[in-house]
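This report is a guided reading for someone meeting the structure for the first time. It goes from charged pairs to a single helix, then to individual positions, and ends with the chain as a whole.

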Amino acid sequence: MTTSAEVPTIQVTLNPVAVRSLAQLVAAESNEAVSFFLNSLVTADLSVSPEPPKGSMVYKLSAAFTADQRRDAFKSWIVAKGIQELIRGLRQTLEEAYFFSDALKQLPSRTTVAELDKLTADIRRRANKLNYPQLITEVQSRLTSAMTYEKEILSLVAVRNCLEHRHGIVGAADADANGQLSLTLPRLQTVAIVEGKEIEIGPGYVSEASTQIGIKRVNRERTYRLGEKIEIDAAQFQEIAFACHLFAEDIASKLPTS
């Protein structure tokens, strides 16, 4: 008596945690890297260019920089790369949200591995072809409620574009009708309630024993005028990275469940 071989099966699990973790991991890594490198610039000897790698061909590539000029150039480069990474991480989360939503609707309950690979590749290809505004619009249409930070994400994308294409100098392509580029991002604000009024406080604040202390989420807007150079320090970058963490959390919390 013969029996037919048992057909192996593969179970596919769609996990919303994977959607948000892509951007959040990049945000954590970028924040640590930018903080480390910017802090290192403070004490580094930048009066001369670094030695070439050992055993390498020596190419004369160094610019005639002073220590201050080299420090400013390195700072701009580090911040620009950090912002690019944040935008890349957010794009990964948006594309994964697109995939999660479409896979939930389109993948059959039973199929072959070859067909599964084709279906998933088609969904990912469609998401990858979209530009940033198009991708946000498409993901927005697939969520269970409106994305909280659409405008904020796009404002960060605009800053990334300026850093990448115009070395951080705000140009006509970046500025709005008022001649400025705005970056609006959520942040956490610590406040003390004093005589019925909220007062923002920071590290080192000493309060009375009866003072109420609270934390709330607010938006901070930074504006850069036409021709102005975008300057971002380590503390500001940390705030931007935290905003990206919130963006990813918001997207993942609104994914469809069926």
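Glu164 and Arg160 are joined by a salt bridge in this predicted model, with their closest N and O atoms 3.8 Å apart. Because the two residues are 4 positions apart in helix H5, about one helical turn separates Glu164 from Arg160. An α-helix has 3.6 residues a turn, so residues three or four places apart point the same way. The partners are not covered to an equal degree, since Glu164 counts as partly exposed at 41% relative accessibility, whereas Arg160, with a relative accessible area of 18%, is buried.

A second salt bridge is formed by Arg220 and Glu239, whose closest N and O atoms lie 2.7 Å from each other. This pair links distant parts of the chain, as Arg220 belongs to strand E3 (residues 212-225) and Glu239 to helix H6, with their positions 19 residues apart in sequence. Arg220 is partly exposed at 29% relative accessibility, while Glu239 is buried, its relative accessible area being 17%.

A further salt bridge brings together the side chains of Asp102 and Arg126, at 3.4 Å from N to O. This pair, too, connects distant parts of the chain: Asp102 sits in helix H2 and Arg126 in helix H3, 24 residues apart. Asp102 is buried, with a relative accessibility of 2%, and Arg126 is partly exposed at 34%. Both residues also take part in one network, in which salt bridges that share partners join Asp102, Arg126, Glu138 and Arg142. In total, the structure holds 16 salt bridges, and the three described so far are set side by side below.

| Salt bridge | Closest N to O distance |
|---|---|
| Glu164 and Arg160 | 3.8 Å |
| Arg220 and Glu239 | 2.7 Å |
| Asp102 and Arg126 | 3.4 Å |

Arg142, a member of the network, leads on to helix H4. Which residues of helix H4 (residues 132-142) are buried? They are Tyr132, Leu135, Ile136, Val139, Gln140 and Arg142. Seen down the axis of H4, these buried residues fall within an arc of 160 degrees, and therefore they line one face of the helix. The elements against which the buried residues of H4 pack are helix H2 (67-106), helix H3 (113-129), helix H5 (150-166) and helix H6 (234-253). At the N-terminal end of H4, Asn131 acts as a cap, with a side-chain oxygen placed 2.8 Å from the backbone nitrogen of Gln134.

Several individual positions show how parts that are separated in sequence meet in space. In helix H1 (residues 16-43), Phe37 has its C-alpha atom 8.4 Å from that of Lys75, although 38 residues separate the two in sequence. Phe37 is partly exposed, because its relative accessibility is 42%. Ser35 also lies in helix H1, and its C-alpha atom is separated by 8.1 Å from that of Phe237, which is 202 residues away along the chain. With a relative accessible area of 26%, Ser35 is partly exposed.

Is Ser76, in helix H2, buried or exposed? Its relative accessibility is 17%, and buried means under 20%, so Ser76 counts as buried. Leaving aside neighbours within four places in sequence, Ser76 is in contact with His167 and Lys229. Lys254, found in the segment after H6, is likewise buried, with a relative accessible area of 11%. Apart from residues up to four places away in sequence, Lys254 touches Leu143, Thr144, Ser145, Ala146, Met147 and Thr148.

On the surface, Ile10, Val12 and Val113 form a nonpolar patch, with about 290 Å² of accessible area together. Val12, one of these residues, has its place in the segment before H1 and is partly exposed, with a relative accessible area of 46%.

Turning to the chain as a whole, there are 6 helices and 3 strands, arranged along the sequence in the pattern α-α-α-α-α-β-β-β-α. Of the 258 residues in the chain, 36% are buried. Among contacts with a separation of 6 or more, 75% are between residues 24 or more positions apart. The chain exposes about 16100 Å², of which carbon and sulfur atoms supply 54%.

Conventions. Residues are numbered from 1 along each chain as its sequence is written. This is a predicted model: local features need pLDDT of at least 70, side-chain atom pairs count only at pLDDT 80 or more; totals for chains, interfaces and linings use all residues. Side-chain values use heavy atoms; hydrogens and water are left out. Buried means under 20% relative accessible area, exposed over 50%, partly exposed in between (1.4 Å probe, protein chains only). The arc is that of the directions from the helix axis to the C-beta atoms. Contact means heavy atoms within 4.5 Å. A polar contact is a pair of N or O atoms within 3.5 Å; within protein, one must be able to donate a hydrogen and the other to accept it, and residues adjacent in sequence count only if both atoms are side-chain atoms. Patches are made of residues with over 30% relative accessible area and no salt bridge: like charges are joined within 9 Å, nonpolar side chains (Val, Leu, Ile, Met, Phe, Trp, Tyr) within 5 Å. Accessible areas come from the Shrake-Rupley method with a 1.4 Å probe; for residues, only the protein chains shown count as cover. A salt bridge is a side-chain nitrogen of Lys or Arg within 4 Å of a carboxyl oxygen of Asp or Glu.
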